[in-house]
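Okay, everyone, thanks for coming. Let me put the structure up and then walk you through the part I've been looking at.

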Amino acid sequence: QASEWDYNAEGDNGPADWGKRFPKCNDTASSSRQSPINIVVDNTKYNASLPTPEFINYDVAHATSNLIISNNGHTVVVTPKYASSDSKAQIKYKGKTYELVQFHFHWGSDSKRGSEHTIDGKHFQVEVHFVHYNTDDFNNFNEAKTEEGGLLVYAQFLKSFASSANAGYQEIVPQFEKVKYKGNTTTIPHFKFDTLLSKVPDRIYSYPGSLTTPTCDESVSWIVNSQTVEISQDQMSKFLELKSNKGETNEDLVNNYRPVQKLQQRTVETNVP
Ligand code: SG7
Ligand code: ZN
């Protein structure tokens with residue numbers, strides 16, 4: 001099927017072939033700015049005036065709002081559905097305001113893989129993406145998604161290490177069994193999203209990039225938090241029960257990360273010397 005793509009290196013629809021049907025996914029032009037990338041810490045540039053992202057309403061749990069969790073076959077996406085009077089979660093960064101539209105996960109079958117970004121070649125087992133669009137310059141996510149400066153994605157690495165469950169992720173992960181198959185959806189109560197993040201301010205990496213799935217639009221300002229959050233092995237095991245299809249065959253939804261792309265002419269900035 002022409003619109004299909006997957007993470008399978010062996011087939012014809014895997015990351016190395018995305019560019020054939022989705023030309024923006026090619027990383028070969030010197031001007032290209034594809035994501036994810038490997039962050040080489042020694043090559044990052046300290047910028048003393050790089051602002052710390054400011055999280056707005058990440059500490060609010062709306063009593064009347066729900067979150068929709070769905071399995072789209074590529075990941076599990078969590079989407080806030082706000083009541084009109086609710087204050088929306090936002091990030092302020094470099095003078096622009098970005099509204100959170102959804103967050104989702106990339107993960108691996110073991111601790112040596114799973115994250116999309118790598119730091120000095122090292123993967124983490126899970127990377128969470130908090131996807132925001134620029135509400136100062138665009139009317140909605142779809143208008144912003146193809147445009148330079150349109151999106152901001154904040155990346156948080158997770159590792160399964162702790163023996164006790166992470167309370168923030170415990171709001172979500174036990175619900176995975178209700179969205180085991182592609183197309184499954186459920187709702188849960190709104191909770192405070194700051195419980196999903198390592199505390200800020202901290203060392204961040206900031207660089208211009210793209211969406212990491214087709215159509216790979218080069219519209220994303222990436223902020224990668226260097227600090228990891230620990231979840232329990234039991235919580236990690238819930239990721240590994242998810243399926244990428246509707247249940248007719250047994251296809252695990254796992255290793256849903258794009259390989260790192262060429263840095264080309266870009267510089268990764270950091271806020272800590
Ligand atoms: C995941 O990553 C989903 C996509 C998302 C894509 O496959 O979260 O979103 C939905 C609603 O399915 O695509 C346009 C978009 O947000 C790429 O996002 S990412 O670059 O942060 N990984
Ligand atoms: Zn993502």
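So, who sits around ligand 1? There are 15 residues around ligand 1, and the ones that come nearest are Asn-72, Gln-102, His-104, Thr-212 and Thr-213. Keep in mind that this is a predicted model.

Now the polar contacts. Asn-72 has a side-chain N or O atom 3.0 Å from an oxygen atom of ligand 1. His-104 also reaches an oxygen atom of ligand 1, with a polar side-chain atom at 2.9 Å. For Thr-212, the partner on ligand 1 is a nitrogen atom, and the distance to the side-chain N or O atom is 2.7 Å. How much of ligand 1 does the protein bury? Taken alone, ligand 1 exposes 500 Å², and 81% of that is buried by the protein. As for where that happens, ligand 1 sits in the second largest pocket.

Okay, back to His-104, which turns up again at the metal. The zinc ion, ligand 2, takes its protein donors from His-104 through NE2, His-106 through NE2 and His-129 through ND1, at 2.0 Å. If you like to read that off the sequence, the spacing is H-x1-H-x22-H. And the geometry? The zinc site is tetrahedral, with angles of 97 to 116° among its four donor atoms.

Last thing: are His-104 and His-106 buried or exposed? The cut-off for buried is under 20% relative accessibility, so His-104 counts as buried at 11%, and His-106 counts as buried too, at 2%.

Technical notes
Residues numbered from 1 in each chain as written. Chains lettered and ligands numbered in written order. Predicted model: local features only at pLDDT ≥ 70, side-chain atom pairs only at ≥ 80, totals over all residues. Heavy atoms only, no water. Donors = N, O, S within 2.8 Å, 3.2 Å for Na, K, Ca; no water. Tetrahedral: all angles 85-135°; square planar, octahedral: opposite > 155°, others 65-115°. Buried < 20%, exposed > 50% of the residue type's maximum accessible area, 1.4 Å probe, protein only. Near = heavy atom within 4 Å. Polar contact = N/O pair within 3.5 Å; in protein donor to acceptor, adjacent residues only side chain to side chain. Areas by Shrake-Rupley, 256 points an atom, 1.4 Å probe, with all protein chains shown as cover. 1 Å grid on protein atoms, 1.4 Å probe; cavity = no way out; pocket = protein on both sides within 12 Å on 5 of 7 lines; lining within 4 Å. Sits in = over half its atoms within 2 Å of the grid points.
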